[in-house]
Amino acid sequence: VMGIVVGAAVPPIAFCITWNKISAAGAISGAIAGLVGAVITWLAVAKGLTGQITIATLGGDFPMLAGNCMAIGMSAVVCIVVSVIKPQEYDWTMMKDIPLVEDDPNAFMADDQVGHPGI
């Protein structure tokens, strides 16, 4: 069940860190469409193979595999299509503006100090 629920979020997260043309609309719609498609596929395959939907049939290998594959596949396709239709190019140079832990003087306080230095 975990793969069906979480699998749809894998392509949007992967695209967010590897593809600068992914859009917020693409990532969000891909995750939602992948989840909906995965649940429908999971239920449909369980019903189609056994004729009933029960906890036992939903836990079968083939319904789970079908749901997981649909979650990842549909999410990826929807992410790409929506991002091509509604692009939002990310400027990776903005990452340089994020302060590093090494630059924070409070990050290296002694073990016996608790809280902020002024307290």
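These are worked exercises on a predicted model of a single protein chain.

**Exercise 1. Get the overall fold on paper**

Work out how many helices and strands the protein chain has, and what share of its contacts is long in sequence.

*Solution.* Start with the secondary structure: the protein chain has 5 helices and 0 strands. Reading along the sequence, you get the pattern α-α-α-α-α. Next, look at burial: 24% of the 119 residues count as buried. Finally, take the contacts with a separation of 6 or more; residues 24 or more positions apart account for 71% of them.

**Exercise 2. Helix 3 against helix 5**

Find how the axes of helix 3 and helix 5 are arranged, and say which classes of residue make up their contact.

*Solution.* First, place the two elements: helix 3 covers residues 24–50 and helix 5 covers residues 61–85. Their axes come within 7 Å and cross at roughly 155°. An angle over 145 degrees counts as roughly antiparallel, so helix 3 is roughly antiparallel to helix 5. As for handedness, the crossing of this pair is right-handed. Now sort the contact by class: 19 nonpolar residues, 9 polar ones and no charged ones.

M70 gives you a close-up of one stretch of helix 5. Setting aside neighbours within four places in sequence, M70 is in contact with G34, G37, A38, T41 and S75. Take T41 from that list: the C-alpha atoms of M70 and T41 are 7.0 Å apart, although 29 residues separate them along the chain. Is M70 buried or exposed, or does it fall in between? Its relative accessible area is 31%, so M70 is partly exposed.

**Exercise 3. Helix 2 against helix 5**

Repeat the analysis for helix 2 and helix 5, and name the residues that make the contact.

*Solution.* Helix 2 spans residues 10–18, and its axis comes within 8 Å of the axis of helix 5. The crossing angle is roughly 45°, and helix 2 and helix 5 are therefore oblique to each other. On the helix 2 side the contact is made by P11, P12 and F15. Helix 5 brings in I72, S75, A76, C79 and I80. By class, that's 7 nonpolar residues, 1 polar and no charged.

**Exercise 4. Follow C79**

Decide whether C79 is buried or exposed, and list what it touches beyond its sequence neighbours.

*Solution.* C79 sits in helix 5. Its relative accessibility is 0%, so C79 counts as buried. Leaving out residues up to four places away in sequence, C79 touches P12, F15, I22, G26, A27 and G30. Two of those names should ring a bell: P12 and F15 are among the helix 2 residues in the contact with helix 5. Then check A27: it is 52 residues from C79 in sequence, yet 5.4 Å away C-alpha to C-alpha.

**Exercise 5. Trace the polar contacts around S23 and S83**

Find which backbone atoms the side chains of S83 and S23 reach, and at what distances.

*Solution.* Begin with S83, which lies in helix 5. Its side chain reaches the backbone nitrogen of S23 at 3.1 Å. The S83 side chain also reaches the backbone oxygen of C79, at 2.8 Å. Now hop to S23, in the loop between helix 2 and helix 3. A polar atom of the S23 side chain lies 3.0 Å from the backbone nitrogen of G26.

What about burial? S83 has 2% relative accessibility and so counts as buried; S23, at 2%, counts as buried too. To finish, fill in the surroundings, skipping neighbours within four places in sequence. S83 is in contact with W19, K21, I22, S23 and G26, while S23 is in contact with V82, S83, K86, P87 and Q88.

**Exercise 6. The segment after helix 5**

Determine which residues Q88 is in contact with, leaving aside its neighbours within four places in sequence.

*Solution.* Q88 is found in the segment after helix 5. The residues in contact with Q88 are N20, K21, I22, S23 and A24. For I22, the C-alpha separation from Q88 is 6.4 Å, with the two positions 66 residues apart along the chain. For A24, look at the side chain of Q88, which reaches the A24 backbone nitrogen at 3.0 Å. Last step, accessibility: at 44%, Q88 counts as partly exposed.

How values were computed: Residues numbered from 1 in each chain as written. Predicted model: local features only at pLDDT ≥ 70, side-chain atom pairs only at ≥ 80, totals over all residues. Heavy atoms only, no water. Axes fitted to C-alpha atoms, helices over the stretch in contact; angles between N-to-C directions. Helix = DSSP H or I, 4+ residues; strand = E, 2+ residues; numbered from the N terminus. Parallel < 35°, antiparallel > 145°, perpendicular 65-115°, else oblique. Left-handed = near helix turned anticlockwise from the far one by under 90°. Nonpolar A, V, L, I, M, F, W, Y, C, P; charged D, E, K, R; others polar. Contact = heavy atoms within 4.5 Å. Buried < 20%, exposed > 50% of the residue type's maximum accessible area, 1.4 Å probe, protein only. Polar contact = N/O pair within 3.5 Å; in protein donor to acceptor, adjacent residues only side chain to side chain.
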